[in-house]
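Q: I am new to this structure. Please take one part of it and look at that part closely. What holds it in place among its neighbours?

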Amino acid sequence: MELLKLVALDKEDLSIISAYMQDAVFKTADLNYSARDKQFALVGNRFVWEDSGGKRKRSYERRRTALHFNRASQVRSRGFRRSDDDAVLSLLAVNFVPGEAEPAGRIELIFSGDAAIEFDVECVEAQLSDLGAAWETGFRPAHPLSDV
């Protein structure tokens with residue numbers, strides 16, 4: 001399978017990235033915000049939904065993936081301690097909430113356990129990039145996606 005590379009420039013594009021990133025897991029140490037560059041980034045292990053086939057299989061795949069957002073500011077979090085570098089977060093959804101003066105708004109990263117990160121953006125500008133080969137996992141998240 002080829003490495004996935006996606007760009008999101010609006011709410012609809014971001015919903016596609018959200019579907020591919022659903023159930024990605026990563027440690028809080030893998031979150032990074034650069035105020036100087038106005039960039040928020042994370043690196044995690046995404047479940048390879050596009051190859052799960054919707055069938056019962058004995059093994060599935062995960063892939064190391066980077067997701068970053070440009071033009072970001074005012075990062076806020078809840079439901080976890082940023083200082084706990086070994087805490088594992090499981091991503092459920094990536095949402096865009098329009099602001100008063102579109103295309104500006106807010107990106108929300110929603111995690112299991114009622115945790116979240118949100119930040120303001122001048123506009124939607126995100127990139128998803130797989131970083132390398134997949135590895136096998138016997139675990140498939142319990143809620144399959146039909147849209148991917």
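A: Start with one contact in this predicted model. Arg 64 and Asp 30 form a salt bridge, and their closest N and O atoms are 3.5 Å apart. The pair links distant parts of the chain. Arg 64 belongs to strand E5, while Asp 30 sits in the loop between E2 and strand E3 (31–34). In sequence they are 34 residues apart. Arg 64 is partly exposed, at a relative accessible area of 28%. Asp 30 is partly exposed too, at 25%.

Now follow strand E5 itself. It spans residues 60–70 and pairs with E10. The two run antiparallel, over five bridges. One matched pair is Leu 67 with Leu 128, the latter in E10.

E10 covers residues 126–130 and has two faces. Ala 126, Leu 128 and Asp 130 make up the covered face. Gln 127 and Ser 129 make up the uncovered one. So Leu 128, the bridge partner of Leu 67, lies on the covered face.

E10 has another partner. Strand E1 (residues 5–8) joins E10 through four bridges, again antiparallel. Here Lys 5 stands opposite Ser 129. Ser 129 is on the uncovered face of E10.

Next comes the helix. H1 spans residues 11–21, and its buried residues are Leu 14, Ile 17, Ser 18, Ala 19, Tyr 20 and Met 21. E5 helps cover them, and so do E1 and E10. The cover also includes strand E4 (39–47), strand E7 (88–98) and strand E8 (105–111). At the N-terminal end of H1, Asp 10 acts as a cap. One of its side-chain oxygens lies 3.2 Å from the backbone nitrogen of Glu 12. After H1 comes Asp 23, with a positive phi near 75 degrees.

Step back to the whole chain. It has one helix and eleven strands. Along the sequence, the pattern is β-α-β-β-β-β-β-β-β-β-β-β. Of its 148 residues, 41% count as buried. Among contacts with a separation of 6 or more, 67% are between residues 24 or more positions apart.

The salt bridge we began with is part of a wider set: the count comes to 13. Another joins Asp 86 to Lys 27, at 3.7 Å from N to O. These two are 59 residues apart. A third joins Glu 118 and Arg 76, at 3.1 Å from N to O. Glu 118 is in strand E9 and Arg 76 in strand E6, 42 residues apart. Through shared partners, Arg 76, Arg 106, Glu 108, Glu 118 and Asp 120 form one network of salt bridges.

Conventions
Residues numbered from 1 in each chain as written. Predicted model: local features only at pLDDT ≥ 70, side-chain atom pairs only at ≥ 80, totals over all residues. Heavy atoms only, no water. Buried < 20%, exposed > 50% of the residue type's maximum accessible area, 1.4 Å probe, protein only. Pairing = 2+ DSSP bridges. Contact = heavy atoms within 4.5 Å. Polar contact = N/O pair within 3.5 Å; in protein donor to acceptor, adjacent residues only side chain to side chain. Salt bridge = Lys/Arg side-chain N within 4 Å of Asp/Glu carboxyl O.
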